[in-house]
2 protein chains.
Amino acid sequence: MRTNSQLSLALHLLLHMAEMNEPVTSERLASAMNTNAVVIRRLMGGLRERGIVQSRKGHHGGWTLSRPLAELTLRDVYLALGAGPLLSLTHRTQNPDCLIEQAVNETLDGAFRDAEALLLARFGEVSLAALQSRVHAATRGPAHLCLEGKTAP
Amino acid sequence: MRTNSQLSLALHLLLHMAEMNEPVTSERLASAMNTNAVVIRRLMGGLRERGIVQSRKGHHGGWTLSRPLAELTLRDVYLALGAGPLLSLTHRTQNPDCLIEQAVNETLDGAFRDAEALLLARFGEVSLAALQSRVHAATRGPAHLCLEGKTAP
DNA sequence: TCTCATGTAACTTTTATAGTTACATGATTG
DNA sequence: CAATCATGTAACTATAAAAGTTACATGAGA
(Lines give C-alpha, C1' and ligand atoms only; values in the text may rest on other atoms or scores of the structure.)
Protein backbone atom coordinates (compact mmCIF):
# COMPACT_ATOMS: atom_id res chain seq x y z
CA MET A 1 0.00 0.00 0.00
CA ARG A 2 1.12 3.54 -0.62
CA THR A 3 2.65 5.44 2.26
CA ASN A 4 3.05 9.19 2.39
CA SER A 5 6.79 8.90 2.16
CA GLN A 6 6.36 7.00 -1.10
CA LEU A 7 4.44 9.93 -2.49
CA SER A 8 7.18 12.28 -1.43
CA LEU A 9 9.80 9.99 -2.93
CA ALA A 10 7.96 9.65 -6.24
CA LEU A 11 7.59 13.39 -6.68
CA HIS A 12 11.20 13.88 -5.75
CA LEU A 13 12.27 11.39 -8.41
CA LEU A 14 10.07 12.84 -11.12
CA LEU A 15 11.31 16.36 -10.54
CA HIS A 16 14.90 15.22 -10.66
CA MET A 17 14.30 13.27 -13.85
CA ALA A 18 12.89 16.39 -15.45
CA GLU A 19 16.24 18.08 -15.01
CA MET A 20 17.94 15.36 -17.01
CA ASN A 21 17.90 15.06 -20.78
CA GLU A 22 18.68 11.36 -20.92
CA PRO A 23 17.37 8.19 -19.30
CA VAL A 24 18.41 7.69 -15.68
CA THR A 25 19.10 4.22 -14.32
CA SER A 26 17.48 2.85 -11.19
CA GLU A 27 20.95 2.50 -9.79
CA ARG A 28 21.70 6.21 -10.03
CA LEU A 29 18.32 7.23 -8.71
CA ALA A 30 18.71 4.81 -5.83
CA SER A 31 22.11 6.10 -4.82
CA ALA A 32 20.85 9.68 -5.03
CA MET A 33 17.92 8.80 -2.78
CA ASN A 34 20.00 6.69 -0.41
CA THR A 35 17.99 3.61 -1.12
CA ASN A 36 18.02 0.47 -3.19
CA ALA A 37 17.55 0.08 -6.95
CA VAL A 38 14.79 -2.50 -6.50
CA VAL A 39 12.84 -0.09 -4.36
CA ILE A 40 13.07 2.43 -7.20
CA ARG A 41 11.98 -0.13 -9.79
CA ARG A 42 8.99 -1.18 -7.73
CA LEU A 43 7.88 2.40 -7.29
CA MET A 44 8.49 3.40 -10.90
CA GLY A 45 6.79 0.27 -12.16
CA GLY A 46 3.52 1.54 -10.72
CA LEU A 47 4.02 4.92 -12.36
CA ARG A 48 4.75 3.29 -15.70
CA GLU A 49 1.46 1.39 -15.62
CA ARG A 50 -0.30 4.73 -15.33
CA GLY A 51 1.61 6.19 -18.27
CA ILE A 52 3.65 8.60 -16.21
CA VAL A 53 7.10 7.22 -16.97
CA GLN A 54 8.74 4.87 -19.45
CA SER A 55 11.58 2.42 -19.06
CA ARG A 56 14.15 1.13 -21.51
CA LYS A 57 16.46 -1.81 -21.06
CA GLY A 58 20.03 -2.23 -22.19
CA HIS A 59 22.74 0.30 -22.92
CA HIS A 60 21.74 3.89 -22.29
CA GLY A 61 18.53 2.52 -20.86
CA GLY A 62 16.76 3.74 -17.75
CA TRP A 63 13.75 5.82 -16.85
CA THR A 64 12.27 8.82 -18.65
CA LEU A 65 9.15 10.92 -18.20
CA SER A 66 6.48 10.08 -20.74
CA ARG A 67 4.73 13.46 -20.47
CA PRO A 68 5.93 16.97 -19.70
CA LEU A 69 5.62 18.05 -16.10
CA ALA A 70 3.00 20.60 -17.10
CA GLU A 71 0.64 17.74 -17.95
CA LEU A 72 1.15 15.97 -14.66
CA THR A 73 -0.51 16.85 -11.37
CA LEU A 74 0.06 15.66 -7.83
CA ARG A 75 -3.30 13.96 -8.17
CA ASP A 76 -2.02 11.77 -11.01
CA VAL A 77 0.93 10.64 -8.96
CA TYR A 78 -1.12 10.13 -5.82
CA LEU A 79 -3.60 7.94 -7.66
CA ALA A 80 -0.88 6.06 -9.50
CA LEU A 81 0.51 4.89 -6.19
CA GLY A 82 -2.73 3.19 -5.21
CA ALA A 83 -5.18 3.45 -2.35
CA GLY A 84 -3.59 5.33 0.49
CA PRO A 85 -3.69 5.82 4.23
CA LEU A 86 -6.73 8.07 4.10
CA LEU A 87 -8.99 5.76 2.23
CA SER A 88 -7.59 2.77 4.02
CA LEU A 89 -9.58 3.47 7.13
CA THR A 90 -8.57 0.14 8.60
CA HIS A 91 -11.47 0.38 11.01
CA ARG A 92 -12.31 -2.38 13.41
CA THR A 93 -14.24 -5.32 12.06
CA GLN A 94 -13.99 -7.41 15.18
CA ASN A 95 -17.72 -7.34 15.84
CA PRO A 96 -19.29 -6.79 12.43
CA ASP A 97 -22.75 -7.62 13.77
CA CYS A 98 -22.63 -4.92 16.41
CA LEU A 99 -24.83 -1.99 15.46
CA ILE A 100 -22.62 0.41 17.33
CA GLU A 101 -19.57 -0.67 15.41
CA GLN A 102 -21.48 -0.31 12.17
CA ALA A 103 -22.67 3.20 12.95
CA VAL A 104 -19.21 4.27 14.06
CA ASN A 105 -17.54 2.90 10.98
CA GLU A 106 -20.06 4.39 8.56
CA THR A 107 -19.66 7.79 10.13
CA LEU A 108 -15.89 7.66 10.08
CA ASP A 109 -15.86 6.40 6.52
CA GLY A 110 -17.97 9.31 5.38
CA ALA A 111 -15.76 11.90 7.00
CA PHE A 112 -12.54 10.35 5.75
CA ARG A 113 -13.94 10.12 2.24
CA ASP A 114 -14.72 13.82 2.30
CA ALA A 115 -11.25 14.63 3.52
CA GLU A 116 -9.67 12.56 0.81
CA ALA A 117 -11.86 14.20 -1.82
CA LEU A 118 -10.60 17.58 -0.68
CA LEU A 119 -7.04 16.32 -0.78
CA LEU A 120 -7.50 15.06 -4.34
CA ALA A 121 -9.04 18.34 -5.43
CA ARG A 122 -6.10 20.25 -3.99
CA PHE A 123 -3.64 17.87 -5.61
CA GLY A 124 -5.42 18.18 -8.94
CA GLU A 125 -4.70 21.89 -9.00
CA VAL A 126 -0.95 21.54 -8.59
CA SER A 127 1.04 20.55 -11.65
CA LEU A 128 4.55 19.27 -11.24
CA ALA A 129 5.66 22.11 -13.49
CA ALA A 130 4.43 24.54 -10.86
CA LEU A 131 6.46 22.74 -8.24
CA GLN A 132 9.47 22.78 -10.52
CA SER A 133 9.32 26.48 -11.23
CA ARG A 134 9.01 27.10 -7.53
CA VAL A 135 12.28 25.30 -7.03
CA HIS A 136 13.93 27.10 -9.94
CA ALA A 137 12.83 30.46 -8.59
CA ALA A 138 14.52 29.67 -5.30
CA THR A 139 17.79 28.90 -7.01
CA ARG A 140 17.61 31.22 -10.03
CA GLY A 141 18.51 28.26 -12.16
CA PRO A 142 18.34 24.49 -12.28
CA ALA A 143 17.72 22.98 -8.89
CA HIS A 144 20.40 21.48 -6.74
CA LEU A 145 20.27 17.84 -7.62
CA CYS A 146 20.64 14.93 -5.27
CA LEU A 147 22.15 13.28 -8.34
CA GLU A 148 25.07 15.68 -8.23
CA GLY A 149 28.24 13.98 -7.16
CA LYS A 150 26.84 10.57 -8.01
CA THR A 151 28.44 8.46 -10.67
CA ALA A 152 27.69 9.93 -14.06
CA PRO A 153 26.27 7.64 -16.78
CA MET B 1 0.63 7.06 17.54
CA ARG B 2 -3.07 6.91 16.92
CA THR B 3 -4.31 4.61 14.21
CA ASN B 4 -7.72 4.81 12.64
CA SER B 5 -8.74 1.55 14.23
CA GLN B 6 -7.98 3.05 17.62
CA LEU B 7 -10.42 5.83 16.88
CA SER B 8 -13.04 3.31 15.89
CA LEU B 9 -12.34 1.28 19.02
CA ALA B 10 -12.52 4.30 21.33
CA LEU B 11 -15.88 5.41 19.95
CA HIS B 12 -17.16 1.88 20.17
CA LEU B 13 -16.17 1.70 23.83
CA LEU B 14 -17.64 5.07 24.73
CA LEU B 15 -20.99 4.28 23.14
CA HIS B 16 -21.16 0.98 24.95
CA MET B 17 -20.28 2.58 28.25
CA ALA B 18 -23.12 5.03 27.78
CA GLU B 19 -25.56 2.13 27.81
CA MET B 20 -24.34 1.07 31.24
CA ASN B 21 -25.31 2.72 34.50
CA GLU B 22 -22.32 1.50 36.47
CA PRO B 23 -18.55 1.45 36.04
CA VAL B 24 -17.24 -1.13 33.58
CA THR B 25 -13.94 -2.88 34.15
CA SER B 26 -11.16 -3.02 31.59
CA GLU B 27 -11.50 -6.78 31.75
CA ARG B 28 -15.12 -6.76 30.60
CA LEU B 29 -14.49 -4.19 27.91
CA ALA B 30 -11.53 -6.18 26.67
CA SER B 31 -13.46 -9.42 26.42
CA ALA B 32 -16.30 -7.65 24.63
CA MET B 33 -13.83 -6.17 22.13
CA ASN B 34 -11.85 -9.39 21.77
CA THR B 35 -8.70 -7.80 23.00
CA ASN B 36 -6.59 -7.40 26.10
CA ALA B 37 -7.32 -5.41 29.27
CA VAL B 38 -4.02 -3.58 29.09
CA VAL B 39 -4.83 -2.38 25.60
CA ILE B 40 -8.07 -0.95 26.96
CA ARG B 41 -6.29 0.73 29.85
CA ARG B 42 -3.72 2.31 27.57
CA LEU B 43 -6.42 3.68 25.29
CA MET B 44 -8.68 4.88 28.08
CA GLY B 45 -5.75 6.44 29.91
CA GLY B 46 -5.38 8.91 27.06
CA LEU B 47 -9.07 9.72 27.15
CA ARG B 48 -8.95 10.28 30.89
CA GLU B 49 -6.17 12.86 30.53
CA ARG B 50 -8.50 14.81 28.27
CA GLY B 51 -11.36 14.64 30.72
CA ILE B 52 -13.49 12.31 28.65
CA VAL B 53 -13.63 9.36 31.04
CA GLN B 54 -12.88 8.64 34.67
CA SER B 55 -11.48 5.57 36.36
CA ARG B 56 -11.96 4.17 39.84
CA LYS B 57 -9.94 1.49 41.52
CA GLY B 58 -11.12 -1.23 43.87
CA HIS B 59 -14.46 -2.92 44.29
CA HIS B 60 -17.11 -1.77 41.85
CA GLY B 61 -14.41 0.25 40.19
CA GLY B 62 -13.87 0.62 36.46
CA TRP B 63 -14.49 3.20 33.78
CA THR B 64 -17.25 5.78 33.49
CA LEU B 65 -17.96 8.68 31.17
CA SER B 66 -17.20 12.03 32.76
CA ARG B 67 -19.56 13.99 30.50
CA PRO B 68 -22.81 13.15 28.75
CA LEU B 69 -22.50 12.02 25.15
CA ALA B 70 -24.24 15.18 24.00
CA GLU B 71 -21.23 17.18 25.15
CA LEU B 72 -18.74 15.01 23.34
CA THR B 73 -17.89 15.19 19.64
CA LEU B 74 -15.87 12.95 17.38
CA ARG B 75 -13.39 15.81 17.28
CA ASP B 76 -12.79 15.56 21.03
CA VAL B 77 -12.06 11.87 20.79
CA TYR B 78 -9.90 12.23 17.69
CA LEU B 79 -7.77 14.89 19.35
CA ALA B 80 -7.58 12.99 22.62
CA LEU B 81 -5.90 10.13 20.81
CA GLY B 82 -3.02 12.30 19.66
CA ALA B 83 -1.47 13.20 16.34
CA GLY B 84 -2.76 10.93 13.65
CA PRO B 85 -1.94 9.45 10.28
CA LEU B 86 -2.95 12.59 8.44
CA LEU B 87 -0.80 15.05 10.28
CA SER B 88 2.01 12.58 10.59
CA LEU B 89 3.01 13.00 6.99
CA THR B 90 6.12 10.92 7.56
CA HIS B 91 7.65 12.51 4.50
CA ARG B 92 11.17 11.79 3.41
CA THR B 93 13.95 13.63 5.18
CA GLN B 94 16.75 11.72 3.53
CA ASN B 95 18.11 14.75 1.72
CA PRO B 96 16.99 17.71 3.83
CA ASP B 97 19.30 20.06 1.92
CA CYS B 98 17.74 19.26 -1.42
CA LEU B 99 15.55 22.10 -2.64
CA ILE B 100 13.33 19.71 -4.51
CA GLU B 101 12.66 17.66 -1.43
CA GLN B 102 11.88 20.81 0.50
CA ALA B 103 9.41 22.07 -2.08
CA VAL B 104 7.72 18.69 -2.33
CA ASN B 105 7.37 18.33 1.41
CA GLU B 106 6.05 21.83 1.93
CA THR B 107 3.44 21.34 -0.74
CA LEU B 108 2.31 18.00 0.61
CA ASP B 109 2.24 19.30 4.16
CA GLY B 110 -0.04 22.14 3.13
CA ALA B 111 -2.50 19.89 1.37
CA PHE B 112 -2.59 17.34 4.17
CA ARG B 113 -3.12 20.06 6.73
CA ASP B 114 -6.11 21.31 4.78
CA ALA B 115 -7.55 17.84 4.58
CA GLU B 116 -7.12 17.30 8.28
CA ALA B 117 -8.75 20.65 9.01
CA LEU B 118 -11.77 19.56 7.01
CA LEU B 119 -11.86 16.28 8.84
CA LEU B 120 -11.75 18.03 12.20
CA ALA B 121 -14.53 20.39 11.17
CA ARG B 122 -16.68 17.46 10.13
CA PHE B 123 -15.93 15.61 13.33
CA GLY B 124 -16.71 18.68 15.39
CA GLU B 125 -20.26 18.66 14.09
CA VAL B 126 -21.02 15.11 15.16
CA SER B 127 -21.79 14.53 18.83
CA LEU B 128 -21.62 11.03 20.20
CA ALA B 129 -25.26 11.47 21.23
CA ALA B 130 -26.15 11.80 17.57
CA LEU B 131 -24.34 8.58 16.83
CA GLN B 132 -26.07 6.91 19.73
CA SER B 133 -29.56 7.96 18.67
CA ARG B 134 -28.78 6.72 15.20
CA VAL B 135 -28.09 3.32 16.67
CA HIS B 136 -31.18 3.42 18.87
CA ALA B 137 -33.37 4.34 15.93
CA ALA B 138 -32.16 1.27 14.09
CA THR B 139 -33.08 -1.00 16.97
CA ARG B 140 -36.07 0.87 18.42
CA GLY B 141 -34.43 0.56 21.79
CA PRO B 142 -31.05 0.13 23.45
CA ALA B 143 -28.40 -1.04 21.06
CA HIS B 144 -27.22 -4.57 20.77
CA LEU B 145 -24.23 -4.66 23.07
CA CYS B 146 -21.02 -6.50 22.48
CA LEU B 147 -21.03 -6.74 26.27
CA GLU B 148 -24.07 -8.99 26.12
CA GLY B 149 -23.23 -12.53 27.03
CA LYS B 150 -20.04 -11.46 28.74
CA THR B 151 -19.53 -12.01 32.44
CA ALA B 152 -21.71 -9.63 34.42
CA PRO B 153 -20.14 -7.60 37.23
C1' DT C 1 28.12 -12.01 -28.30
C1' DC C 2 29.16 -9.33 -24.43
C1' DT C 3 27.48 -6.00 -21.40
C1' DC C 4 24.07 -3.20 -19.39
C1' DA C 5 19.67 -2.34 -17.38
C1' DT C 6 15.05 -3.59 -16.34
C1' DG C 7 11.68 -7.16 -14.23
C1' DT C 8 10.65 -10.05 -10.46
C1' DA C 9 10.68 -13.58 -7.08
C1' DA C 10 12.24 -14.82 -2.62
C1' DC C 11 14.36 -13.70 1.37
C1' DT C 12 16.00 -10.75 5.43
C1' DT C 13 15.85 -6.66 8.18
C1' DT C 14 13.52 -3.11 10.34
C1' DT C 15 9.85 -0.85 12.62
C1' DA C 16 5.31 -0.10 14.50
C1' DT C 17 1.43 -1.97 16.75
C1' DA C 18 -0.90 -5.17 19.41
C1' DG C 19 -0.89 -8.36 22.85
C1' DT C 20 1.02 -10.59 27.18
C1' DT C 21 2.98 -11.12 31.74
C1' DA C 22 4.03 -9.46 36.09
C1' DC C 23 3.68 -6.68 39.77
C1' DA C 24 3.01 -2.22 42.42
C1' DT C 25 -0.65 0.92 44.01
C1' DG C 26 -4.95 2.34 45.72
C1' DA C 27 -9.96 1.62 47.00
C1' DT C 28 -13.67 -0.99 48.87
C1' DT C 29 -15.82 -4.31 51.67
C1' DG C 30 -16.46 -7.47 55.26
C1' DC D 1 -7.24 -4.41 59.49
C1' DA D 2 -6.95 -7.70 56.01
C1' DA D 3 -8.60 -9.74 51.84
C1' DT D 4 -9.89 -8.71 47.37
C1' DC D 5 -10.60 -6.18 43.34
C1' DA D 6 -9.29 -3.02 39.79
C1' DT D 7 -6.36 0.38 37.84
C1' DG D 8 -1.42 1.88 36.45
C1' DT D 9 2.71 0.70 34.21
C1' DA D 10 6.95 -1.39 32.93
C1' DA D 11 9.01 -4.90 30.26
C1' DC D 12 8.71 -8.34 27.23
C1' DT D 13 6.89 -11.11 23.09
C1' DA D 14 4.29 -11.72 18.85
C1' DT D 15 2.56 -10.14 14.61
C1' DA D 16 2.34 -7.64 10.49
C1' DA D 17 3.71 -4.22 7.18
C1' DA D 18 7.28 -1.80 4.84
C1' DA D 19 11.83 -1.37 3.31
C1' DG D 20 15.86 -3.28 1.87
C1' DT D 21 18.70 -7.18 -0.17
C1' DT D 22 20.11 -10.97 -3.10
C1' DA D 23 19.82 -13.54 -7.08
C1' DC D 24 18.75 -14.40 -11.51
C1' DA D 25 15.90 -14.29 -15.86
C1' DT D 26 14.84 -11.26 -19.81
C1' DG D 27 15.56 -8.01 -23.34
C1' DA D 28 18.21 -4.15 -25.78
C1' DG D 29 22.43 -2.09 -27.59
C1' DA D 30 27.08 -1.69 -28.86
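User: What does a polar side-chain atom of B:T35 lie 2.7 Å from?

Analyst: The partner of B:T35 is a phosphate oxygen of DNA strand C. This is a predicted model, in which local features need pLDDT of at least 70 and side-chain atom pairs count only at pLDDT 80 or more, while totals for chains, interfaces and linings use all residues. Residues are numbered from 1 along each chain as its sequence is written, chains are lettered from A and ligands numbered from 1 in the order in which they are written, and side-chain values use heavy atoms, with hydrogens and water left out.

User: What do the side chains of A:S55 and B:R42 reach on strand C?

Analyst: An N or O atom in the side chain of A:S55 is 2.9 Å from a phosphate oxygen of DNA strand C. In the side chain of B:R42, an N or O atom is 2.7 Å from a base nitrogen of that strand. Elements giving two or more residues to the surface near DNA strand C are α3, β1 (53–56) and β2 (62–65) of chain A, together with α1 (4–18) and α3 of chain B. Helices (H or I, at least four residues) and strands (E, at least two) are DSSP runs, numbered from the N terminus.

User: Which element gives the most there?

Analyst: α3(A) does, with 4 residues.

User: Which residues come nearest to strand C?

Analyst: A:S26, A:R41, A:R48, B:T35 and B:R42 come nearest, out of 28 residues around DNA strand C. A residue is near a strand if one of its heavy atoms lies within 4 Å of it. Of the atoms of DNA strand C within 4 Å of the protein, sugar or phosphate holds 66% and bases hold the rest.

User: And strand D: which residues come nearest?

Analyst: For DNA strand D, 28 residues lie around it, and A:T35, A:R42, B:S26, B:R41 and B:R48 come nearest. Sugar and phosphate make up 64% of the strand D atoms that come within 4 Å of the protein.

User: What do A:R42, A:K57 and B:H59 reach on strand D?

Analyst: The side chain of A:R42 has an N or O atom 2.7 Å from a base nitrogen of DNA strand D. For A:K57, a side-chain N or O atom is 3.2 Å from a sugar or linking oxygen of DNA strand D. A polar side-chain atom of B:H59 lies 3.1 Å from a base oxygen of DNA strand D.

User: Changing topic: how much area is buried between chains A and B?

Analyst: About 4,400 Å² is buried between chain A and chain B, and carbon and sulfur atoms give 69% of that area. Buried area is the accessible area (1.4 Å probe) that two parts lose on being put together, summed over both. In chain A, the residues that lose the most area to chain B are A:N4, A:R92 and A:I100, together 15% of what that side buries.

User: How many salt bridges are there between them?

Analyst: There are 4 salt bridges between chain A and chain B, each a side-chain nitrogen of Lys or Arg within 4 Å of a carboxyl oxygen of Asp or Glu. B:R134 forms one with A:E106, where the closest N and O atoms are 2.7 Å apart. On the side of chain A that touches chain B, α1, α5 (99–124) and α6 (128–139) of chain A each give two or more residues. The largest share of that side, 18 residues, comes from α5(A).

Notes
A polar contact is a pair of N or O atoms within 3.5 Å; within protein, one must be able to donate a hydrogen and the other to accept it, and residues adjacent in sequence count only if both atoms are side-chain atoms.
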